[in-house]
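Biologist: I am new to this structure and would like a close look at one part of it. Which residues line the largest pocket, and how does that part connect to the rest?

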Amino acid sequence: MSKATLSQLWRYALAVGTVALAAALTLFIYFLNVRLRFAFFYAAVIVATRYGGRRPGLLAIFLSIPVSDYLFVEPQYHWSHDIEGIGLLAVFVGVALLIWELSVKRSRAEEELHRREREL
C-alpha cells in the first residue's frame, strides 16, 4: 500500500476506533448507574475530526447514531421508534454537527495562519 493510502486508512480507522471506545466507556459508566448518553460520542467526533479530518469526523457522527440508539436510548437494545428516542438522537446529531463544523473551521483557521506565517 502507498503511504497516502495508509494515511487515509488510519484516519477512518481512528473514526471507527473512537466511536467504539465511546461506546465501551458509555457502557461502563452505565453500569455505574451514571446516565451520560452522548458525552463520549461528542469526544469521538472531536478527536476524529481533529486528527482525521472532515470525512472521518462525519463518519464518527454517522457511526455514533445507530450505536448510541441501540445501546443507550430507551428501550435499550432496540432501535428507537418513539418520539422521545428520535428527539434525543436529533439533538445529538445537531450538537455533533455543530462540534464537527467548529472543529473544521478551527483546523482551517490554523492552516491559514501557518500559511501566512510561512509567507512572511
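Modeller: One term first: two residues are in contact when they have heavy atoms within 4.5 Å of each other. The model is a predicted one, and every value below is computed from it.

The setting comes before the pocket. The protein has four helices and zero strands, so from the N terminus on the elements run α-α-α-α, counting helices and strands as DSSP runs. Along its principal axes, the C-alpha trace spans about 55 × 30 × 25 Å. Of the 120 residues, 32% count as buried. Among contacts with a separation of 6 or more, 64% are between residues 24 or more positions apart. The accessible surface comes to about 7,800 Å², and 67% of that area belongs to carbon and sulfur atoms.

Now the pocket. Its volume is about 160 Å³, and its lining consists of Thr49, Arg50, Gly53, Arg54, Ser103, Val104, Ser107, Arg108 and Glu111. Two elements give two or more residues to that lining, helix H2 (39-52) and helix H4 (83-119). The largest share, five residues, comes from H4. By type, the lining divides into four charged residues, four polar residues and one nonpolar residue.

Thr49 is a useful residue to follow from here. Thr49 lies in helix H2 and is one of the lining residues. Its relative accessible area is 4%, and because the limit for buried is under 20%, Thr49 is buried. Leaving out residues up to four places away in sequence, Thr49 touches Gly57, Trp100, Ser103 and Val104. Of these partners, Ser103 and Val104 also line the pocket.

Val45 leads from this region to the nonpolar core. Beyond its neighbours within four places in sequence, Val45 is in contact with Gly57, Ala60, Ile61, Ala96, Ile99 and Trp100. Gly57 and Trp100 are thus partners of Val45 and are partners of Thr49 as well. Val45 is listed with Phe38, Phe41, Tyr42, Ala60, Phe92 and Ala96 as having the most contacts inside the largest nonpolar core, which has 23 residues. Helix H1 (3-31), H2, helix H3 (54-72) and H4 each give two or more residues to this core, and H4 gives the most, with seven. As background, nonpolar side chains in soluble globular proteins tend to be buried together.

Phe41, another of the core residues with the most contacts, is also placed in helix H2. Phe41 counts as buried because its relative accessibility is 0%. Setting aside neighbours within four places in sequence, Phe41 is in contact with Val19, Ala22, Ala23, Thr26, Ser64, Val67, Ser68, Phe72 and Phe92. From Phe41 to Gly52, eleven residues on in sequence, the distance is 15 Å, C-alpha to C-alpha.

Two backbone details in the loop between H3 and H4 complete the tour. Pro75 is in that loop, and a cis peptide bond with an omega of about -5 degrees joins Glu74 to Pro75. Tyr77 is found in that loop too. Tyr77 is not a glycine, yet its phi is positive, at about 65 degrees. With a relative accessible area of 41%, Tyr77 is partly exposed.

Key: Residues are numbered from 1 along each chain as its sequence is written. This is a predicted model: local features need pLDDT of at least 70, side-chain atom pairs count only at pLDDT 80 or more; totals for chains, interfaces and linings use all residues. Side-chain values use heavy atoms; hydrogens and water are left out. On a 1 Å grid over the protein atoms alone, a cavity is a set of points where a 1.4 Å probe fits but cannot get out, and a pocket is an open set with protein on both sides within 12 Å along at least five of seven lines; lining residues have an atom within 4 Å of a point. Grid points are joined across faces, edges and corners, and a volume is the space filled by probe spheres set on the points. Ala, Val, Leu, Ile, Met, Phe, Trp, Tyr, Cys and Pro count as nonpolar, Asp, Glu, Lys and Arg as charged, and the others, Gly among them, as polar. A nonpolar core is a set of buried Ala, Val, Leu, Ile, Met, Phe, Trp, Tyr and Cys residues joined through side-chain atoms within 4.5 Å. Buried means under 20% relative accessible area, exposed over 50%, partly exposed in between (1.4 Å probe, protein chains only). Accessible areas come from the Shrake-Rupley method with a 1.4 Å probe; for residues, only the protein chains shown count as cover.
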